Amino acid sequence: MAADVPMLDDVIKEYLIFRGFSGTLKSFESDLKADKDKSFRVDKIVDQLHQYILSYDIVGLRDFWDYLNDRFFKRLDYQHYTNVKKLEMCLLRLYIIHALQNSKNDKVVEFFEKYTAELQTQTEWREWFGEGLGPHTFGLQAEERGLSYSFHQES
């Protein structure tokens with residue numbers, strides 16, 4: 001079905017051109033560019049997730065993931081949904097590691113400021129909030145920022 005979507009889009013465009021609906025055609029093309037479903041193509045969805053990580057856009061990453069979760073993942077059975085949660089965890093960790101490797105300490109601090117309360121309660125994240133790296137690692141004093149967390153990198 002996913003392979004048929006671009007073909008169907010082309011048929012719709014041809015119809016709109018045939019009927020002279022140029023305004024509708026422009027709107028349709030604009031909507032296609034903003035298509036969050038990415039025509040149900042996994043490669044486009046993965047590219048979009050990767051782009052959010054490369055651009056240090058944690059809000060965009062989380063928003064897109066929440067959209068995918070609401071649209072697709074919540075309908076999965078428990079076993080598959082567990083795998084989706086692991087994938088989400090790995091994407092968030094990839095974001096942190098990418099920021100650390102590129103000396104974007106402000107992005108790491110931003111991440112933990114926004115998501116510490118949510119993630120600290122999850123078993124999978126406990127080791128990331130253990131002893132090791134802390135706010136001082138990023139040129140910040142915990143007292144100055146009012147932060148009470150620390151984390152370390154997995155080897």
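Two rings of Phe, Tyr or Trp count as an aromatic pair if their centres lie within 6.5 Å, with the six-membered ring used for Trp. By this rule, the chain holds 6 aromatic pairs. The model you are looking at is predicted, so please read every value below as computed from that prediction. The secondary structure comes to 7 helices and 0 strands, and 34% of the 155 residues count as buried.

**The chain as a whole**

- Reading along the sequence, you will meet the pattern α-α-α-α-α-α-α.
- Take the contacts between residues at least 6 apart in sequence: 50% of them join residues at least 24 apart.

**Aromatic rings and the charges over them**

- A pair of aromatic rings is described by two things, the distance of the centres and the angle of the planes.
- F111 and F112 give you an example to look at: their centres are 5.2 Å apart and their planes are 85 degrees apart. Planes over 60 degrees apart count as edge-to-face, so this pair is edge-to-face.
- Both F111 and F112 are buried.
- Which residues do ring pairs link into a cluster? They are Y95, F111, F112, Y115 and W125.
- Two arginines sit over rings of this cluster's members Y115 and W125. The charged end of R62 is over the ring of Y115, 4.6 Å from its centre, while R93 lies over the face of W125, 5.0 Å from the ring centre.
- R93 belongs to helix 5. Its relative accessibility is 10%, and buried means under 20%, so R93 counts as buried.
- Along the sequence R93 and W125 are 32 residues apart, yet their C-alpha atoms are 9.5 Å apart in space.

**Helix 1, from end to end**

- Helix 1 runs over residues 4-19, which makes 16 residues. At 1.5 Å a residue it should span 22 Å, and its end C-alpha atoms are 23 Å apart, so the expected and computed spans agree.
- Which residues of helix 1 are buried? They are V5, D9 and L16.
- Looking down the axis of helix 1, you would find these buried residues within an arc of 40 degrees, so they line one face of the helix.
- That buried set packs against helix 2, residues 22-33.
- The other side of helix 1 has M7, E14, I17 and F18, which are exposed.
- Just after helix 1 comes G20, with a positive phi of about 80 degrees.

**Two buried residues and their neighbours**

- Find W65 in helix 4, residues 58-71. With a relative accessible area of 4%, W65 falls under the 20% limit and is therefore buried.
- Leaving aside residues up to four places away in sequence, W65 touches L49, F73, V84, L87, E88 and L91.
- L91 is 26 residues from W65 along the chain, and the C-alpha atoms of the two are separated by 9.6 Å.
- H98 is part of helix 5, residues 78-101. Is H98 buried or exposed? Its relative accessibility is 14%, so H98 counts as buried.
- With residues up to four places away in sequence again left out, H98 touches I53, L54 and Y56.

**Positive phi outside glycine**

- Most residues other than glycine have a negative phi. Two residues here have positive values instead: Y56 and S103.
- Y56 has a phi near 55 degrees and is found in the loop between helix 3 (42-54) and helix 4. At 14% relative accessibility, Y56 counts as buried.
- S103 has a phi of about 55 degrees and is found in the loop between helix 5 and helix 6.
- Is S103 buried or exposed? At 58% relative accessibility it is over the 50% limit, so S103 counts as exposed.

**Helix 6 and its kink**

- Where is the kink in helix 6 centred? The kink is centred on E113, in a helix that covers residues 105-119, and it comes to about 40 degrees.
- The buried residues of helix 6 include V108, V109, F111, F112, Y115, T116 and L119. Among them, F111, F112 and Y115 also belong to the ring cluster.

Note on methods. Residues are numbered from 1 along each chain as its sequence is written. This is a predicted model: local features need pLDDT of at least 70, side-chain atom pairs count only at pLDDT 80 or more; totals for chains, interfaces and linings use all residues. Side-chain values use heavy atoms; hydrogens and water are left out. Helices (H or I, at least four residues) and strands (E, at least two) are DSSP runs, numbered from the N terminus. The expected span of a helix is 1.5 Å times one less than its number of residues. Buried means under 20% relative accessible area, exposed over 50%, partly exposed in between (1.4 Å probe, protein chains only). The arc is that of the directions from the helix axis to the C-beta atoms. Contact means heavy atoms within 4.5 Å. Rings of Phe, Tyr and Trp (its six-membered ring) pair if their centres lie within 6.5 Å; planes under 30 degrees apart count as stacked, over 60 as edge-to-face and the rest as tilted. A charge sits over a ring if NZ of Lys or CZ of Arg is within 6 Å of the ring centre and within 35 degrees of the ring normal. The bend at a residue is the angle between axes fitted to the seven residues ending there and the seven starting there.
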